[in-house]
Amino acid sequence: MTAVVVAGSFNVDHVWRCDTLPAPGATIAGRYSTGPGGKGFNQAIAAGRAGAATTFVCALGDDAGGALARQLASDDGLALLAEASSEPTGTAGIYVDARGRNSIVIGAGANASLSLGFIAAQQEVIGRARVLLAQLESPVETIESALELARQHAVTTVLNPAPANAPSTISLLKLADVLTPNETEFAALLSRHVGERIEADDVAALDGASLHELCRKLSANTVVVTLGAVGVFVSHAPERLRGDSTAYYRVAAETVQTVDTTGAGDAFNGALVASLATVADVPFAQHVRFANRYAARSTENEGAALAMPRFTPADSDAR
């Protein structure tokens, strides 16, 4: 049985590592590397390496990038359902500074071809899953249809509303049992859908009650705001605490030797859904703590998809 279905993007990442992130008009020296990425693929790899039988639904071009995706999925034990596209496989340009911070530009390519019809054809696979995870590097109407199909089959839905400038709708957000923005995405969603203006850098500094109130304005379901080095904030609807004893709380960040934060949010999302799908009858906070630990460990290695660690909720306490 497929425990997790991830619907989303695959990119070939082109990475430059440099002392500082390039400023407008600047030319600086850096060290280049390339490898697999895309939020969907990163999260699928993380879910699989965190112990969940995982199926990845995406669109790929008939090119070297598409061949790479197929080979890597096979090597990692992912079930791959890829719609063929006449567009080139997606790409991303990533700059990482000496402190592990990054700036990213993506070229959608084939990711923009993921269609409503292809998602509908995966009804049986989605219906057998325990959790469906999606992001917004694919067409929003396609992602909305995937979440709706999962809801029809009583499959838990998790939406990572990334990147921050991706289009979204209230109807899309309502389909997410769990919404997982980072602080930038959270601020963008509040501005777009609630009319609340807050700087992304100020989100982590808000007191718990104020941040919880903003989460409740954004979604009637659970909201998990990832806050990077500050940790994670969880906000539940009062009538659905998912086994927790309180409607909102923070989980502190893990202490690690960070090398590269690229893909850390994807690591968190993949690990969260893996835990939700494979560990039953525990408080939601336990799933969050595992995902938080997993994401922290992912930053100790360079890269995105291939930096995802291999450990599960059962053995995470030993790490």
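Which residues form a nonpolar patch on the surface? Trp16, Tyr32 and Tyr95 do, with about 280 Å² of accessible area together. Patches here are built from residues with over 30% relative accessible area and no salt bridge, where like charges are joined within 9 Å and nonpolar side chains (Val, Leu, Ile, Met, Phe, Trp, Tyr) within 5 Å. The areas come from the Shrake-Rupley method with a 1.4 Å probe, and for residues only the protein chains shown count as cover.

A word on the model before going on. This is a predicted model, in which local features need pLDDT of at least 70 and side-chain atom pairs count only at pLDDT 80 or more, while totals for chains, interfaces and linings use all residues. Residues are numbered from 1 along each chain as its sequence is written, and side-chain values use heavy atoms, with hydrogens and water left out.

**Around strand 3**

Tyr32, one of the patch residues, sits in strand 3 (residues 31-37). Helices (H or I, at least four residues) and strands (E, at least two) are DSSP runs numbered from the N terminus. Tyr32 is partly exposed, at 44% relative accessible area; buried means under 20%, exposed over 50%, and partly exposed in between (1.4 Å probe, protein chains only).

**Salt bridges**

The count of salt bridges comes to ten, each being a side-chain nitrogen of Lys or Arg within 4 Å of a carboxyl oxygen of Asp or Glu. Here are three of them to look up in the structure.

| Pair | N to O distance |
|---|---|
| Glu302 and Arg31 | 3.1 Å |
| Asp266 and Lys39 | 3.5 Å |
| Arg49 and Asp76 | 2.9 Å |

Take the salt bridge of Glu302 and Arg31. Glu302 lies in the segment after helix 11 (284-298) and Arg31 in strand 3, so the pair ties together parts that are 271 residues apart in sequence. Both ends are partly exposed: Glu302 has a relative accessible area of 40%, and Arg31 one of 48%. A network of salt bridges links Arg31 and Glu302 with Arg17 and Asp260.

The salt bridge between Asp266 and Lys39 also links distant parts of the chain, with Asp266 in helix 10 (residues 264-278) and Lys39 in helix 1 (residues 39-49), 227 residues apart. Asp266 is buried, at 4% relative accessibility.

Arg49 and Asp76 form a salt bridge too. Arg49 belongs to helix 1 and Asp76 to helix 2 (residues 64-76), so this pair ties together parts 27 residues apart in sequence. Arg49 and Asp76 are both buried.

**Aromatic pairs**

The structure holds eight aromatic pairs. A pair of aromatic rings is described by the distance of the centres and the angle of the planes. Rings of Phe, Tyr and Trp (its six-membered ring) pair if their centres lie within 6.5 Å; planes under 30 degrees apart count as stacked, over 60 as edge-to-face and the rest as tilted.

Why is the pair of Phe10 and Phe41 edge-to-face? Their ring centres are 4.9 Å apart and their planes stand at 85 degrees, so the pair falls in that class. Phe10 is in the loop between strand 1 (4-7) and strand 2 (11-17), and Phe41 in helix 1, 31 residues apart. Both Phe10 and Phe41 are buried. By contrast, Tyr294 and Phe311 make a tilted pair, 5.2 Å centre to centre with 45 degrees between the planes. Tyr294 lies in helix 11 and Phe311 in the segment after helix 11, 17 residues apart. Tyr294 is buried at 0% relative accessibility, and Phe311 is buried at 2%.

Phe10 and Phe41 also join Phe56 in one aromatic cluster.

**Annotated positions**

For "binding site", an unreviewed UniProt entry lists several residues, among them Lys39, Phe41, Asn42 and Asp266. UniProt positions are given in the numbering used here, feature names are shortened, and annotations may be inferred rather than shown by experiment.

Phe41 has a relative accessible area of 1%. Not counting residues up to four places away in sequence, Phe41 touches residues including Phe10, Pro36, Phe56 and Ala305, where contact means heavy atoms within 4.5 Å. Asn42, in helix 1, is buried at 4%. Beyond its neighbours within four places in sequence, Asn42 is in contact with Pro36, Gly37, Asp266, Ala304, Ala305 and Met308.

The unreviewed UniProt annotation "binding site" also covers Asp260, Thr262, Ser298, Asn301 and Gly303. Although spread over 44 residues of sequence, they cluster in space, with a largest C-alpha distance of 9.6 Å. Asp260 is in the loop between strand 13 (248-251) and helix 10, and is buried at 1% relative accessible area. Outside its neighbours within four places in sequence, the contacts of Asp260 include Arg17, Ser298, Asn301, Glu302 and Gly303.
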